[in-house]
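Here are two short exercises to work through with the model open beside you. Try each one before reading its solution.

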Amino acid sequence: MIKVLSIGNSFSEDAQRYLYGIARADGVSMKTVNLYIGGCSLAKHYRNMLSGNAAYDFQINGINYTGIKISIEDALLLDSWDYITIQQQSLASCDAETFIPYIDELCAKIRKYCPKAKILMLETWGYKEGSKMLLDAGYAKHEAMLFDIRKAYKKIAERIGADGTAYAGEAVLLANKEGYERIYRDEFHMSKGFGRYMIGLVVYGTLTGNEIKENSFRDFDEALTDEDITLAKRIASDVLSR
């Protein structure tokens with residue numbers, strides 16, 4: 001069994017929604033847990049880590065709401081994790097300086113409690129093209145925001161010695177370039193069908209190295225056509241092959 005813990009927010013919630021199901025459809029046993037606080041930044045994760053605050057919703061295997069609240073430390077000790085994903089809050093992701101020193105301290109804690117776990121960066125994504133949120137963030141184009149995110153995640157991944165990066169933001173950029181209209185459910189979260197499925201495929205492929213083009217998963221929260229599924233797989237495959 002592959003055991004995956006995400007210390008995140010609504011973006012890791014998006015990334016994990018279909019991850020368990022995609023793995024199961026591929027014959028892979030996987031446990032997925034997301035530590036959820038909406039909009040949580042690395043600075044807030046760090047403060048919660050120091051205080052031991054049981055502030056996180058414990059979401060498991062496809063974001064099933066357990067009603068359990070848990071601390072970072074208790075989550076790290078809960079199981080023998082194979083992978084732990086970390087990320088910055090979406091807007092702060094554009095600036096590498098906002099990661100420091102919080103991510104250094106989080107990684108030190110992860111390596112102390114889970115020395116065998118691989119640490120993956122979960123790259124966030126740019127806001128919806130033409131949206132007020134994108135403009136308020138100071139960007140005229142989605143690609144310009146992703147450029148800064150990409151630069152920050154590369155710098156931080158090198159700084160912490162990350163074992164890899166799941167390039168979800170790259171997939172969202174490619175979907176935008178395809179002109180696909182149902183990527184988002186608002187101005188920045190992934191749609192409950194296509195968007196979450198596409199980045200779930202990217203994360204699954206990053207974790208396992210398995211081919212995703214023949215994956216049979218179809219249990220979506222929003223209806224997708226065969227064409228939608230094919231496009232999501234093609235984009236994810238393009239990202240994974242880079």
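**Exercise 1.** How are α3 and α5 oriented to each other: parallel, antiparallel, perpendicular or oblique?

*Solution.* Keep in mind that this is a predicted model.

Step 1: Two packed helices are described by the angle between their axes and the distance between the axes.

Step 2: Find helix α3 at residues 42-51 and helix α5 at residues 102-113; their axes cross at roughly 45° and come within 9 Å.

Step 3: Angles under 35 degrees count as roughly parallel, and 65 to 115 as roughly perpendicular. The pair α3 and α5 is therefore oblique.

Step 4: For the hand, the crossing of α3 and α5 is left-handed.

Step 5: Now look at the side chains and backbone that touch. From α3 come L42, A43, H45, Y46 and M49, and they meet Y102, I103, E105, L106 and K109 of α5. Sorted by class, this contact has seven nonpolar, two charged and one polar residues.

**Exercise 2.** How many disulfides does the model have? Work out the state of C94 and C107 along the way.

*Solution.*

Step 1: Set the cut-off: a disulfide needs two cysteine sulfur atoms within 2.5 Å.

Step 2: Start with C94. The closest cysteine sulfur belongs to C40 and lies 17 Å away, so it is too far for a bond. With a relative accessibility of 15%, C94 counts as buried, since buried means under 20%.

Step 3: Move on to C107. Its nearest cysteine sulfur is that of C114, 12 Å away, and C107 is in no disulfide. C107 also counts as buried, at 1% relative accessibility.

Step 4: Give the total: zero disulfides by this rule.

Note on methods:
Residues numbered from 1 in each chain as written. Predicted model: local features only at pLDDT ≥ 70, side-chain atom pairs only at ≥ 80, totals over all residues. Heavy atoms only, no water. Axes fitted to C-alpha atoms, helices over the stretch in contact; angles between N-to-C directions. Helix = DSSP H or I, 4+ residues; strand = E, 2+ residues; numbered from the N terminus. Parallel < 35°, antiparallel > 145°, perpendicular 65-115°, else oblique. Left-handed = near helix turned anticlockwise from the far one by under 90°. Contact = heavy atoms within 4.5 Å. Nonpolar A, V, L, I, M, F, W, Y, C, P; charged D, E, K, R; others polar. Buried < 20%, exposed > 50% of the residue type's maximum accessible area, 1.4 Å probe, protein only.
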